[in-house]
Amino acid sequence: MSSSKDADPTLGYLTRKDTEVKLPRPTRVKNKTPAPIQITAEQILREARERQEAEIRPPKQKITDSTELGEYRLRKRKEFEDLIRRVRWNVSVWIKYAQWEESQKDFARARSVWERALEVDYKNHTLWLKYAEVEMKNKFINHARNVWDRAVALLPRVDQLWYKYIHMEEMLGNVAGARQVFERWMKWMPDQQGWLSYIKFELRYNEIERAREIFERFVLCHPRVGAWIRYAKFEMKNGEVPRARAVYERAVDRLADDEEAELLFVAFAEFEERCKEAERARCIYKFALDHIPKGRAEDLYRKFVAFEKQYGDREGIEDAIVGKRRFQYEDEVRKNPLNYDSWFDYIRLEESVGNKERTREVYERAIANVPPAEEKRYWQRYIYLWINYALYEELDTGDMERTRDVYKECLNQIPHQKFSFAKIWLLAAQFEIRQLNLKGARQILGNAIGKAPKDKIFKKYIEIELQLGNIDRCRKLYEKYLEWSPENCYAWSKYAELERSLAETERARAIFELAIAQPALDMPELLWK
C-alpha cells in the first residue's frame, strides 16, 4: 500500500518512478576537431527521403457489371449513413453524400439527402446554395426555382440567396419573373446595395420610369444623404436637370440638419456649377455655411473658397476668405472663450468686412465672457472690449443711444467696491460732453467720485469745470479731493495756484497754512517751494 501513497491518481496503478521520462545522458565530445567529410542538412534530408518506403494503397477496383456496381453503391451508402449517424451536425458530410449521389446520377436520392440535410440545419445558407446549384447544373429549372423560393422565404435576410435567384431568372430571360423576385425582396427593406441592384436591373432593360419609381421608394426606405445624391445623379445622367434640382431641393428640406448635410450641400452646389448657375451655387454655399455647425463644415469652406476664386468677383473672393478666417476664429473662441486676444482679432476681421449686425453680434458675444475672478489683472484686457465696442458704436455706426447704453452697461458690470477703471468713467463723461450733454457728464463724474474716487478722475473733472469757468464748482471739487486724500501735496499746491490765479492771495495763503498743518504729506518739499 505504501507504493500507492506516492502514486498519482491520474496514473492508475503506475508510480511516478515508472512513468518518469529518462533522457539519455548527453555524451561529452572529447575530440572537437572538424570531421574530414562534412555533411549538410540538405544531404541528410535527401537520404531520408530516398530511404522512405512507398505507402501501401488498396488495389484499384474495376467495376465490370451491374451487380458489382450495386454492391459498390451499397457499401458507399452504408459508409455515408454510418458517418451521418456519428456526426449528424457536420454539414460537409451531408454535402459529400448528396454530391456522391448526384455523381451516380441518382437525382431522386440526391434530393432526398439534401432534404434530410435541410431538416437538420435549414438556417445554413450554404446548404441552400449548393442544393440549388446542383438543380441548376443538371437543368432542373423548376426544381431549382422551388428550392430558391423556399430558401428566400426562410432566410429573407441573406442577400446572396436573392441575388442568385434573380440571376438565374435573368439568365433564363425571364425578366418579369426576376422583377417579381426583386419586388418580394424590396418588401423586406434590404440595405442600399439591394435597392441599387434593382435599379441597375431596370436600367439594363432601359426602364427609366420604373427605375425612377424605385428611387422614390429607395429614398423613403433609406432617407440618407448618399441615397438622395444617387437619385439626383441618376436624373442628371438622363439629362433631366429640373428633376435633378427638384430632388436636391427635397433632400435639403428633409436633411438640412443631418450629420452628413455637408456632403449634400457640396453635391448640390457642384450640380449647380455644372449647370452654369454660379449665382445659385453661391446661394447654396452661403445657406449651408449659415446652417451647418462650424465643426463639420471644413470641406465646405474649402470648396466655397475654390468656387469663389473661379467664379467670384473681388468682393466674393474676399468674402469667402473672410469666411475661412471667421471659421478659424470661431474655432479658437470655442476652445477658449476667455482668450480675449482671439476675440480682438475676430472683431477686427468683422470690422474690416463692415457688416454692422455681424460685428455687433461678435462684440456682444465677446463681452458676455466676464472674467471669472474679481481681480483687476484679469479685467485689464476685458475692459478694452467694452471700450472698443463703445467707440465702434460712436464712430463707425454713429448710434449715440447705443453708445450711451454700452457705457452704462460697462459701468454696471465693474465691481467698483473691489477695483475700478478711471478710463471708463472719463471716456463716458467725454462722450457726453461731445454730445453737448453737460448734465450727463457731471452726473457720471459725480458718480465716479462717489463710487470709486481716483486722482485721474478728480483732475479731469476739475479741468473740465475750469474750462467752463465754474470756479465755485472747482473749489468744491478741490475740497472733496482733499477730503479723500489729505496727504496729496499735488492737490494742495494746485488748489492754492487756482486761488492765486484768481488774485485771491489771502485764500491761497490760508490753503498753504492748512496744507503744512497736515499730519502726513507725500511730497512736503513741493509745498514749501
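Author: Buried means under 20% relative accessible area, exposed means over 50%, and partly exposed lies in between (1.4 Å probe, protein chains only). This is a predicted model, where local features need pLDDT of at least 70, side-chain atom pairs count only at pLDDT 80 or more, and totals for chains, interfaces and linings use all residues. Residues are numbered from 1 along each chain as its sequence is written, and side-chain values use heavy atoms, leaving out hydrogens and water.

Reader: What share of the 529 residues in the protein chain is buried?

Author: Buried residues make up 38% of them. Glutamate 235 is one case: its relative accessible area is 1%, so it counts as buried.

Reader: Where does glutamate 235 lie, in which helix?

Author: Helices (H or I, at least four residues) and strands (E, at least two) are DSSP runs, numbered from the N terminus. Glutamate 235 sits in helix H13, residues 225-237. The protein chain has 29 helices and zero strands.

Reader: Which residues is glutamate 235 in contact with, leaving aside its neighbours within four places in sequence?

Author: Contact means heavy atoms within 4.5 Å. Leaving aside neighbours within four places in sequence, glutamate 235 touches Arg212, Glu240, Arg243, Ala244 and Val247. Now look at glutamate 272, in helix H15. Its relative accessible area is 1%, so glutamate 272 is buried. With neighbours within four places again set aside, its contacts are Arg245, Glu277, Arg280, Ala281 and Ile284.

Reader: Is arginine 210 buried, exposed or partly exposed?

Author: Partly exposed, because its relative accessible area is 36%. Arginine 210 belongs to helix H12 (residues 208-221). Beyond its neighbours within four places in sequence, arginine 210 is in contact with Arg179 and Glu202. Isoleucine 199 is eleven residues from arginine 210 in sequence, and their C-alpha atoms are 8.2 Å apart.

Reader: How many of the contacts between residues at least 6 apart in sequence join residues at least 24 apart?

Author: In the protein chain, 47% of them do.

Reader: What should the 14 residues of helix H6 span?

Author: The expected span is 1.5 Å times one less than the number of residues. For H6 (residues 107-120) that gives 20 Å, and its end C-alpha atoms are 20 Å apart, so the two agree. Helix H9 (residues 159-171) has 13 residues; it should span 18 Å, and its ends are 18 Å apart, which agrees too.

Reader: Which helices do the buried residues of H6 pack against?

Author: Helix H5 (91-103), helix H7 (125-137) and helix H8 (141-154). The buried residues of H6 include Phe107, Trp114 and Leu118. Those of H9 include Leu161, Trp162 and Tyr165. They pack against H7, H8, helix H10 (175-186) and helix H11 (192-204).

Reader: Which residues touch the most other members of the largest nonpolar core?

Author: A nonpolar core is a set of buried Ala, Val, Leu, Ile, Met, Phe, Trp, Tyr and Cys residues joined through side-chain atoms within 4.5 Å. This one has 80 residues, and Leu161, Tyr248, Leu264, Phe265 and Leu300 touch the most other members. Its largest share, eight residues, comes from helix H15 (residues 261-274). Take leucine 300: outside its neighbours within four places in sequence, its contacts include Phe265, Tyr285 and Ile292.

Reader: At what angle do helix H14 and H15 pack?

Author: Two packed helices are described by the angle between their axes and the distance between the axes. Axes are lines fitted to C-alpha atoms, for helices over the stretch in contact, and angles run from 0 to 180 degrees between N-to-C directions. H14 (residues 241-255) and H15 pack at about 155°, with axes 11 Å apart. That makes them roughly antiparallel (angles over 145 degrees count as such). Where they meet, H14 brings residues including Tyr248, and H15 brings residues including Leu264 and Phe265.

Reader: At what angle do helix H16 and helix H17 pack?

Author: At about 150°, with axes 11 Å apart, for H16 (residues 278-291) and H17 (residues 298-311). H16 and H17 are therefore roughly antiparallel. Tyr285 and Leu289 are among the H16 residues that meet H17, and Leu300 is among those on the H17 side.

Reader: Where does lysine 139 lie?

Author: In the loop between H7 and H8. Most residues other than glycine have a negative phi. Lysine 139 has a positive phi near 65°. It is exposed, with a relative accessible area of 68%. Methionine 189, in the loop between H10 and H11, has a positive phi of about 50°. Methionine 189 is exposed at 56% relative accessible area. Glycine 173, just after H9, takes a positive phi of about 80°.

How values were computed. Parallel < 35°, antiparallel > 145°, perpendicular 65-115°, else oblique.
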